[in-house]
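Hi,

Here is the structure I promised to pass on. Have a look at it first, and then read on for my notes.

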Amino acid sequence: SEREKRITAYHEGGHALVGHVLPNADPVHKVSIVARGRALGWTLSLPTEDRYTYTRSELHDRIAVLMGGRSAEELAFGEITTGAANDIEKATEIARAMVTEYGMSEALGPLRLGSQHGEVFLGRDFAHQANYSDEVAARIDAEVRAIVEAAHQEALAILRVHRDRLDELAAALMEKETLDAAELAEIFAGLPPWPGRNGNGSGTRRRAAKPAARD
């Protein structure tokens, strides 16, 4: 419907705009509201070089980009849809890995929380088992929530500041349905990098080899 098309235009526009201004996010090369599989739209970000490690700032920016779609829906319509379900799942997975695998939580420190095993017993996969108390589990959940919510609020802040560009981007998507890198560059012309959490937006632009498409 026309209503769903407009919601999708803002959703994908939110991903693209947040991804454009965050200094550690992969450059956005194409945005579309043409359905692909079960996704009503998609945003394609391409890396600029091979890499095998990520900084905490880069992972934070990645989560913020994932939350950009939901944030745009909130801002434009005062309502959210089920369209952000996959984004939220990916954001939560990254945040949980930051806390339990990469030691990137200041509250819990540089610890590996959870053990990995390869055994499969009676059809159940015990590839990951908790080796911590219920109290630590609650702290992990709180940290994961804090990371995702901080990224969500940052995405909202970006979209509020650049609401005019979000509206322009959504209108262009409604008209053309798919925008390439050159068309996006024209809409985003003059937008400065987002200053970032520490007041410094000078993060290095090293990229992963695998392209990322967001629904």
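Which residues of helix α6 (residues 181-188) are buried? They are L184, I187 and F188. Before I go further, please keep in mind that this is a predicted model.

Back to α6, then. L184, I187 and F188 sit on the same side of the helix, because the arc they cover around the axis is only 90°. Turn to the other side of α6 and you find A182 and E186, which are exposed. So what do the buried residues of α6 pack against? Their partners are α1 (2-21), β1 (28-32), α5 (163-176) and β7 (178-180).

Both ends of the helix have a detail to look at. At the start of α6, D180 places a side-chain oxygen within 3.2 Å of the backbone nitrogen of A182. Just after α6 comes G190, with a positive phi of about 85°.

D180 turns up again in the strand pairing. β1 and β7 pair in the antiparallel sense, with 3 bridges, and D180 in β7 is the bridge partner of K30. β1 also pairs with strand β2 (residues 42-45), again in the antiparallel sense, this time over 4 bridges. There, W42 in β2 stands opposite S32.

One residue to check in the loop between α5 and β7 is E177. E177 has a positive phi of about 75° even though it is not a glycine. Is it buried or exposed? Neither quite fits: with a relative accessible area of 33%, E177 is partly exposed.

While you are around α5, look at A171, which has its place in that helix. At 46% relative accessibility, A171 is partly exposed. Its C-alpha is 8.4 Å from the C-alpha of R6, although A171 and R6 are 165 residues apart in sequence.

Now for the aromatics. How many aromatic pairs does a search of the whole structure find? The search finds 1. The pair consists of Y10 and F77, whose ring centres are 5.4 Å apart and whose planes are at 80°, so it counts as edge-to-face. Y10 lies in helix α1 and F77 in helix α2 (residues 56-77), so the pair ties together parts that are 67 residues apart in sequence. As for accessibility, Y10 is buried at 7%, whereas F77 is partly exposed at 29%.

At the very beginning, in the segment before α1, there is S1. S1 counts as exposed, because its relative accessibility of 66% is over the 50% cut-off. A polar atom of the S1 side chain lies 3.2 Å from the backbone nitrogen of E4.

Finally, the overall picture. The protein chain has 6 helices and 8 strands. Read from the N terminus, the order of the elements is α-β-β-α-α-β-β-β-β-α-α-β-α-β. Of the 215 residues in the protein chain, 40% are buried. Among the contacts with a separation of 6 or more, 73% are between residues 24 or more positions apart. The accessible surface of the protein chain comes to about 11,500 Å², and carbon and sulfur atoms account for 51% of it.

If you only have a few minutes, I would start with these spots:

- The buried residues of α6, namely L184, I187 and F188, and the elements they pack against, including α1 and α5.
- D180, with its side-chain oxygen within 3.2 Å of the backbone nitrogen of A182 and its bridge to K30.
- E177, for its positive phi of about 75°.
- The edge-to-face pair of Y10 and F77.

Cheers

How values were computed. Residues are numbered from 1 along each chain as its sequence is written. This is a predicted model: local features need pLDDT of at least 70, side-chain atom pairs count only at pLDDT 80 or more; totals for chains, interfaces and linings use all residues. Side-chain values use heavy atoms; hydrogens and water are left out. Buried means under 20% relative accessible area, exposed over 50%, partly exposed in between (1.4 Å probe, protein chains only). Helices (H or I, at least four residues) and strands (E, at least two) are DSSP runs, numbered from the N terminus. The arc is that of the directions from the helix axis to the C-beta atoms. Contact means heavy atoms within 4.5 Å. A polar contact is a pair of N or O atoms within 3.5 Å; within protein, one must be able to donate a hydrogen and the other to accept it, and residues adjacent in sequence count only if both atoms are side-chain atoms. Two strands pair if DSSP finds at least two bridges between them. Accessible areas come from the Shrake-Rupley method with a 1.4 Å probe; for residues, only the protein chains shown count as cover. Rings of Phe, Tyr and Trp (its six-membered ring) pair if their centres lie within 6.5 Å; planes under 30 degrees apart count as stacked, over 60 as edge-to-face and the rest as tilted.
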